[in-house]
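Please open the structure in your viewer and keep the sequence panel visible. The tour below proceeds stop by stop, from the whole protein to its interior.

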Amino acid sequence: MEKMNIDVLQGKRAFVSGATGAIGSAIAHALAAEGCDLFLTSTNEVELKKLQGALEQYNVRVDYQSGSLTDKACVYDIVSSAKKDFGQVDVLINSAGVFPNGGLFDMNDDLFDDTLGINFRSAFLFSREFAKDMVGNQWGRIVNIGSSSCYSGFANTSMYCASKHALLGFTRAIHDELKQHNVRAYCVSPSSTQSKMGMTTIGQDYSTFLDPDDVAKYVVFVISFESNIMSEEVFLKRMIVR
């Protein structure tokens, strides 16, 4: 990925959840290209190892730990490992997500817990734990990867839409709370994106879906500003929808 020459990110320590997904891995590459060291997490250790190898070209440090974000204890263990390895996290990317398809009556209690655990609770916990050092250092970036579902409701995706609405409200609130400490929180909400998750979308033309690399470029761009300008919410729509 082409470097954007954004010096503010050089040497920063970044944490990416959902790192082996299409958007997460693209953001990992984009941050590494800007000189960020990376701590990555996802459920798939084999894919994490592959991603670590792919990021070697950028000459940055890359550590990882696999684990299920449905397990709260596992989330805390990942936090502890990241802090042990890096000391602190400067840039947090909450990219982990699942996309359950099904009507209201198909959503059982376990699916409710798992969806909220991955899509929202993990972002809440990672944000709360890593923001402590950001506040102490008077610098930080928190990016929550939302969705067009942050702003709309779609039939047969009620659980997903609910989790993304929660993520948007959470981002708005913590940005207002943490901005006095120069910690900026962003909700970046792409419409349908070319990914395994995107492939499960019913009734749309996959070829019109967004390129994950383009989403990653937007993320790096919006977090790079040190001045008084702020893109608190970024809604990335498609030019052509079929």
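How many Å² does the protein expose, and what percentage of it do carbon and sulfur atoms supply? The protein exposes about 11,200 Å², of which carbon and sulfur atoms supply 51%; accessible areas come from the Shrake-Rupley method with a 1.4 Å probe, and for residues only the protein chains shown count as cover.

This is a predicted model, in which local features need pLDDT of at least 70 and side-chain atom pairs count only at pLDDT 80 or more, while totals for chains, interfaces and linings use all residues. Residues are numbered from 1 along each chain as its sequence is written, and side-chain values use heavy atoms, with hydrogens and water left out.

**The whole protein**

Select everything and display it as a cartoon. Seven helices and seven strands are present; helices (H or I, at least four residues) and strands (E, at least two) are DSSP runs, numbered from the N terminus. Along the sequence they follow the pattern β-α-β-α-β-α-β-α-β-α-β-α-α-β. Now show the C-alpha atoms alone: they fill a box of roughly 45 × 40 × 40 Å, taken along the principal axes.

**The sheet**

Next, select the strands. All seven belong to an open sheet with parallel pairing, in the order β3-β2-β1-β4-β5-β6-β7; two strands pair if DSSP finds at least two bridges between them. At the edges are β3 (62-66) and β7 (233-236), each pairing on one side only.

Zoom in on β1 (residues 13-17) and β4 (residues 91-94), which run parallel and are joined by four bridges. Phe15 has Leu92 in β4 as its bridge partner. Then add helix α1 (residues 22-33), which packs on the sheet and touches β1, β2 (37-42), β4, β5 (140-145) and β6 (183-190); contact means heavy atoms within 4.5 Å.

**The interior**

Which residues have the most contacts inside the largest nonpolar core? Select Leu9, Leu31, Leu38, Leu40, Leu55, Ile93 and Val188, within a core of 38 residues. Such a core is a set of buried Ala, Val, Leu, Ile, Met, Phe, Trp, Tyr and Cys residues joined through side-chain atoms within 4.5 Å, where buried means under 20% relative accessible area (1.4 Å probe, protein chains only). Helix α1 gives the largest share of this core, eight residues.

Apart from this core lies another, of 24 residues, among them Phe15, Phe39, Ala131 and Val183. Finally, colour the buried residues: they make up 53% of the 242 residues in the protein.

Definitions and conventions. Axes are lines fitted to C-alpha atoms, for helices over the stretch in contact, and angles run from 0 to 180 degrees between N-to-C directions. Buried means under 20% relative accessible area, exposed over 50%, partly exposed in between (1.4 Å probe, protein chains only).
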